Amino acid sequence: MLTPQLEKALYKNLAKPVFFLFDAELIHNLFTDFGELLENAGPVVQTLFAYQNPALKRKVLGLEFPNPIGLAAGFDYDGHLAKVIADTGFGFNTVGTVTAKAYPGNPPPRLARLPKSGSLLVNKGFKSSGAAVVARRLDKKKLDGQILGISVGSSNLPEINTIPKAIEDYLFTFNVFKNKPYVKYFELNISCPNTAMSESFTNPKNFQKLLVAVKTLKIRQPIFIKMPNEITVVESDKLVQIALKLGIRGFIFSNLVKRRDNPILNSEEVTKYQNHKGSFSGKPVAANAKNLVAHTRQKFGESVALISTGGIFTPEDALERLDSGANLVQLITGMIYEGPQLVGSINAFIVRAKQEL
């Protein structure tokens, strides 16, 4: 049986160098296709990657999470990996972002690696097969016992060009999924920086209109708001206060960063991609994501449920976010750079840390 240390060495010294020779989106698509083939090989996948311990369980907004480590939205955006992800050791998994209408994605390149920055340049722009197609795919999978969520965004299409149209688009997707028994929570993505609509739902007035409309759907599942990164705590507090008044208690800090003068970004890598559109994941997100979580927990206490994402590359990173006020954490970029065994390593580290207290 492979140890996590050996799995990490094999990934970083053998698999990753080969993967990184090829286009990032090509490897992502191949990984998705291969991963879906493994969805009926659960015991084998669990043996390789998962770490299970009752001490990891978390109850958040009425949901029982087997562990606090989730796969963030943006990796499994069409639901192909919805079943196998749980077998790799994740405690929860967000499919999407899903939009009402199909969109092939922004013009390529849509994904690029910045290894020195610990980041990915992302420009998918809500690439989605559309809500109906994703729902039909998930309907066919055996998802009992999993904590699976759907990230909902508005279709990134020219005709969705006003706030009222975008709200109707959001509502369509919520209606497709709200009665699906396998959907345990929703993420409301108001903060993708790679969409074309000029107005934003991070504007408090627009945000309130959206939440008022969502409230009319009487959704039974918890909703987490996917918050922007490049905002002040004052701006963030306004959005949190609006959501709390309308009965939404979950928040995710945070989405991607757009500014190319972020101090974590390596200047050579940024110059290399100066003609590429997109925003950045991973380590450039970390500082303000952590700051926003800590501030929100301190200001709003236990009235909020918080997920922290962005720049989690090590078990220590994950534990720091939990200690700073997050109930749960999510990752993608850290797994791409460090390997799929990272999730099990984080969970084992959390248990050891609890035992040492």
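Which residue takes a positive phi in the hairpin of β5 and β6? That's G118, with a phi near 60°, in a hairpin that has 4 residues between its strands. Keep in mind that you're looking at a predicted model. Here's a quick tour, starting with that hairpin and then moving to the cores and the surface.

**The β5–β6 hairpin**
- Strand β5 covers residues 111-114, and its partner β6 covers residues 119-122.
- The two strands run antiparallel and are joined by 4 bridges.
- One pairing to look for is A112, whose bridge partner in β6 is L121.
- In a regular strand, side chains alternate between the two faces of the sheet.
- In β5, L111 and R113 sit on one side, while A112 and L114 sit on the other.
- Both faces of β5 are covered, and those four residues are all buried.

**The nonpolar cores**
- The largest nonpolar core has 52 residues, and I150, F177 and I225 have the most contacts inside it.
- Helix α6 (residues 163-177) gives this core its largest share, 7 residues.
- Apart from that core lies another one of 24 residues, among them L81, F90, L342 and V343.
- If you skip its neighbours within four places in sequence, F177 still touches plenty of others, including V98, A131, L138, I150, Y182 and F186.

**A nonpolar patch on the surface**
- V18, F19, L21, F22, L26 and L30 make a nonpolar surface patch of about 560 Å².
- Helices α1 (4-19) and α2 (24-37) each supply at least two of the patch residues.
- L26 lies in α2, and it counts as partly exposed because its relative accessible area is 41%.

Conventions. Residues numbered from 1 in each chain as written. Predicted model: local features only at pLDDT ≥ 70, side-chain atom pairs only at ≥ 80, totals over all residues. Heavy atoms only, no water. Patch = residues over 30% accessible without salt bridge, like charges linked within 9 Å, V, L, I, M, F, W, Y side chains within 5 Å. Areas by Shrake-Rupley, 256 points an atom, 1.4 Å probe, with all protein chains shown as cover. Salt bridge = Lys/Arg side-chain N within 4 Å of Asp/Glu carboxyl O. Buried < 20%, exposed > 50% of the residue type's maximum accessible area, 1.4 Å probe, protein only. Core = buried A, V, L, I, M, F, W, Y, C linked by side-chain atoms within 4.5 Å. Contact = heavy atoms within 4.5 Å. Pairing = 2+ DSSP bridges.
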